[in-house]
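Work through the exercises below with the model open. Try each task before reading its solution.

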Amino acid sequence: MAATRARSGGEAAPPLIAIALISAAALAYEILLMRLFSIILWHHFAYMIISLALLGYGASGALLSVARSAVQRRFAPLFCAAAAAFGTSAIGCFVLAQRVPFNPLEILWDPQQLVYLLAVYLLLALPFLCAGACVCMAYSRWQGMPSRIYSFDILGAGAGSLGVMGLLFVLAPEQALKLIGAMGFAAAAVAWLECGGPRRWPALALIALAALPLLLPQAFVAPAMSPYKELSQTLRIPQARIIEQSFSPLGMVSVVESPLTPLRHAPGLSLNALVEPPPQLGVFIDGEGLSALTRFDGRRESLAHLDQITSALPYHLLRRPRVLVLGAGAGADVLQAHYHAARQIDAVELNPQVIDLVRERFADYAGGIYSGGVDAAHSGGTQGPQVLVHAAEARGFVAASAQHYDLINVALLDSFSAASAGLYALSENYLYTVEALQDDLRHLEPGGLLAITRWVALPPRDALKLFGAAVVALERSGVADPASRLALVRSWQTSTLLVKNGAFSAEDIAAIKTFCTERSFDVAFYPGMMPGEANRYNVVAPPDLFDSATALLGPGRDEFVQNYKFHIEPATDDRPHFFHFFKWRSLPELLSLKEQGGLPLLEWGYPVLVATLAQAVLASLLLIAAPAAWVTWVGARQRNREPPAASRGRVLVYFAAIGFAFMFIEIAFIQKFVLFLSHPLYAVSVVLFSFLLFAGIGSAASKRLHAASARVLRHPQAALVGAIALSAALCLSLLPWLFQHSMALPDAVRIVISAALIAPLAFFMGMPFPLGLARVEASDARLIPWAWAINGCASVTGAVLATLLAIHVGFSAVVVAALVLYGVAAAASAAHAPSPCS
């Protein structure tokens, strides 16, 4: 009987535990890929990972619409095969994708890179196709039990999205990848048992296979870091080696020593300097952002090199300042403050692993700088300044602090090579926005200084964008003459911007000029500066920083920003992509300079985003829309009657609109919550979990609520759009207040607050899709595959398009666009046949 039941598809109940397992594995894999991409390349590529995951799920639905009868006959073997295929492909496709020679640095001048990018995209979509097939088969086989299946699907997905974050605190990413692969085989084994398979040995075999991924050599699945990342380049030095490495969701921390060729990291060190740095270790996060861990024996004179870089300037204008260092890293800026006799130092570092390395593992090497201060034992008998180290996100620490400082120093946090190549163009950075600068200025004592150091890029980009943001921040703070509070200097490699809480005095200006003259640094701007004083030592072709800074302070600022070859409009919390400098109209000119070395002027991250959008459109049309259209056409031919063109048009508009709208809001909220949750991976995990859970609840409740509202409202769809709009407006209005007042709360509390804030919006956003399907089923069920396909294509494309739009018009505008699309969907629904629920 059992054998007959298994062969005929007569399973008594769906394999709910297996569905939860495969959904958990798929969501964990999705978030893990972002972590792995951060290590391999320069960005987490969240938009691409979400898009390819949706592509896999959408393609599985299109595929199963062609093979529905086979699912009915052989559900258990097919489900188990798909789950096992997920376990195999999750590891295998990642390994294969690493062997695709994709290099984002070459994407604009090597057409093959577009093919490689598409290959990576399709390879990594395959595991999601397998996972999606498992869930789709369950829906197809048990059509009368969608609520139970959906609940376990959502429960598993939510557990996976949050569980992988905890997993990454205890396992390296490659170990987590092996465990996720094993979960696929475990889900297959559980499914066989739940479906009442005729024999036990297939389940035992699958359990045995689940152990195989765990036995794979670590090197086989380890992420292969780009050879162009800083860590890869450093390890090419003879005898350079990693002596310490740790992992967490915040990053892979690597400590490198080079005994043969000593590491010497002092960005922009004056060419006049007569001293060199003491021995150093290199500390890297995900292979980038080199931070020097300096050997400190307590002798102040051993740190003299820290007075020969541009970031030392504020200490020549202040006496025994109280200092806040944002982005303390391995402690170089803390040592600089100590060298200049700061009386107290607050050091803020996001990654607790870095703090532990300096405080514990390398405490003696670092002179105990993160152990409460440099004590007498490490300073030749002289008590050093008190050092308070805070494991916190820099922006959140400032917002939550009631303290005021003489100097707030924003450290040089990123890599010169990656920044100059534009590989951070897609990254949200909330340290350099207008609102961030306003927060910093509010925490300065009268006469205090905000100092921000950046790499020098030619033609100027970073420094100008930052200077413009400072001008706007001062204007918004009510300063009538921003020029009186700004100073900018540069070396051959770095620039430092000073913003003062008060006007620069004649003594300040004299000190700035003396500081620069002694070190052959160029003064780029100070109040009352004459053009002839600029561009003296490290001479660059025009336009230089002085000319541009003057333009940003003048009446023609908007015209200057509009006509500049790079995008230098100040970043804001609504548009926090500080490193986005790309302008389409400059592309032909820059490409024409290819033979003269002009390609480094291009911002590489943005073209990758555009290429991903193009391939998302192509892949979704070929793998989702085409099969669904074919099924719809075949069904119409069999019945000798095609659906009316008007019906197809309304279905197209409705499901495309809600697909784009849902993804616009989800992606915008992921990017928006990066600030509140301190890290992109936290934001992705929490926002995905919240939208999945509460949209699922809304979907389950949609039919009942819609029927109730239809009895008292003339236009229930319009009321639903109004509920979504009201919820979105509430979120957007509350977020700034939360960021200002809740950033000091523990991570767990902020996660709960985030989920609670998203809950009402996601609840209502979960309703339009099932309500639309109910309408289609009631009026013309032949259009259901078409509806699924259109929604899938829009979702796949929308995940990437939302990121592109957010860069250009901001998160709020993307959310508004989503609300307009929901309105379009409501209008299309109103023109449709009456709802069966009404």
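**Exercise 1. Overall make-up**

How many helices and strands does the secondary structure of the protein come to?

*Solution.* The count is 30 helices and 12 strands. Helices (H or I, at least four residues) and strands (E, at least two) are DSSP runs, numbered from the N terminus. The model is predicted: local features need pLDDT of at least 70, side-chain atom pairs count only at pLDDT 80 or more, and totals for chains, interfaces and linings use all residues. Residues are numbered from 1 along each chain as its sequence is written, and side-chain values use heavy atoms, with hydrogens and water left out.

Next, burial. Of the 838 residues, 61% count as buried. Buried means under 20% relative accessible area, exposed over 50%, partly exposed in between (1.4 Å probe, protein chains only). The accessible surface comes to about 31,500 Å². Carbon and sulfur atoms hold 64% of that surface. Areas come from the Shrake-Rupley method with a 1.4 Å probe; for residues, only the protein chains shown count as cover.

Then contacts, meaning heavy atoms within 4.5 Å. Take those with a separation of 6 or more: residues 24 or more positions apart account for 76% of them.

**Exercise 2. Cysteines**

Find how many disulfides the structure holds, then check Cys-93 and Cys-136.

*Solution.* A disulfide is a pair of cysteine sulfur atoms within 2.5 Å. The structure holds 0 disulfides. For Cys-93, the nearest cysteine sulfur is that of Cys-130, 7.6 Å away. Cys-93 is also buried, because its relative accessibility is 4%. For Cys-136, the closest cysteine sulfur is in Cys-134, at 9.4 Å, which is too far for a bond.

**Exercise 3. A four-stranded sheet**

Which strands stand at the edges of the open sheet with the order S1-S2-S3-S4?

*Solution.* Start with the pairing: in this sheet of 4 strands it is antiparallel. Strands S1 (241-248) and S4 (288-294) stand at the edges. Each has a single partner strand, so one side of each is left without a neighbour in the sheet. Neighbouring strands are turned by 20° against each other on average, direction ignored. The angles are between axes, lines fitted to C-alpha atoms, for helices over the stretch in contact; they run from 0 to 180 degrees between N-to-C directions.

Now go inside the sheet. Strand S2 (residues 251-257) and strand S3 (residues 280-285) are joined by 4 bridges. Two strands pair if DSSP finds at least two bridges between them. Val-256 has Gly-282 of S3 as its bridge partner.

**Exercise 4. A covered helix**

Is helix H12 (residues 332-339) mostly covered or mostly uncovered?

*Solution.* Mostly covered: 7 of its 8 residues are buried. Among them are Asp-333, Gln-336 and His-338. The cover includes S4, S5 (322-326), S6 (344-349), S7 (386-391) and S8 (405-410). Just after H12, Ala-341 takes a positive phi of about 65°.

**Exercise 5. Nonpolar cores**

Locate the largest nonpolar core and name the residues with the most contacts inside it.

*Solution.* A nonpolar core is a set of buried Ala, Val, Leu, Ile, Met, Phe, Trp, Tyr and Cys residues joined through side-chain atoms within 4.5 Å. The largest has 163 residues. Tyr-29, Phe-86, Phe-669, Phe-673 and Phe-691 have the most contacts inside it. Helix H24 (residues 645-677) gives the largest share, 20 residues. Apart from this core lies another of 103 residues, including Phe-296 and Val-499.
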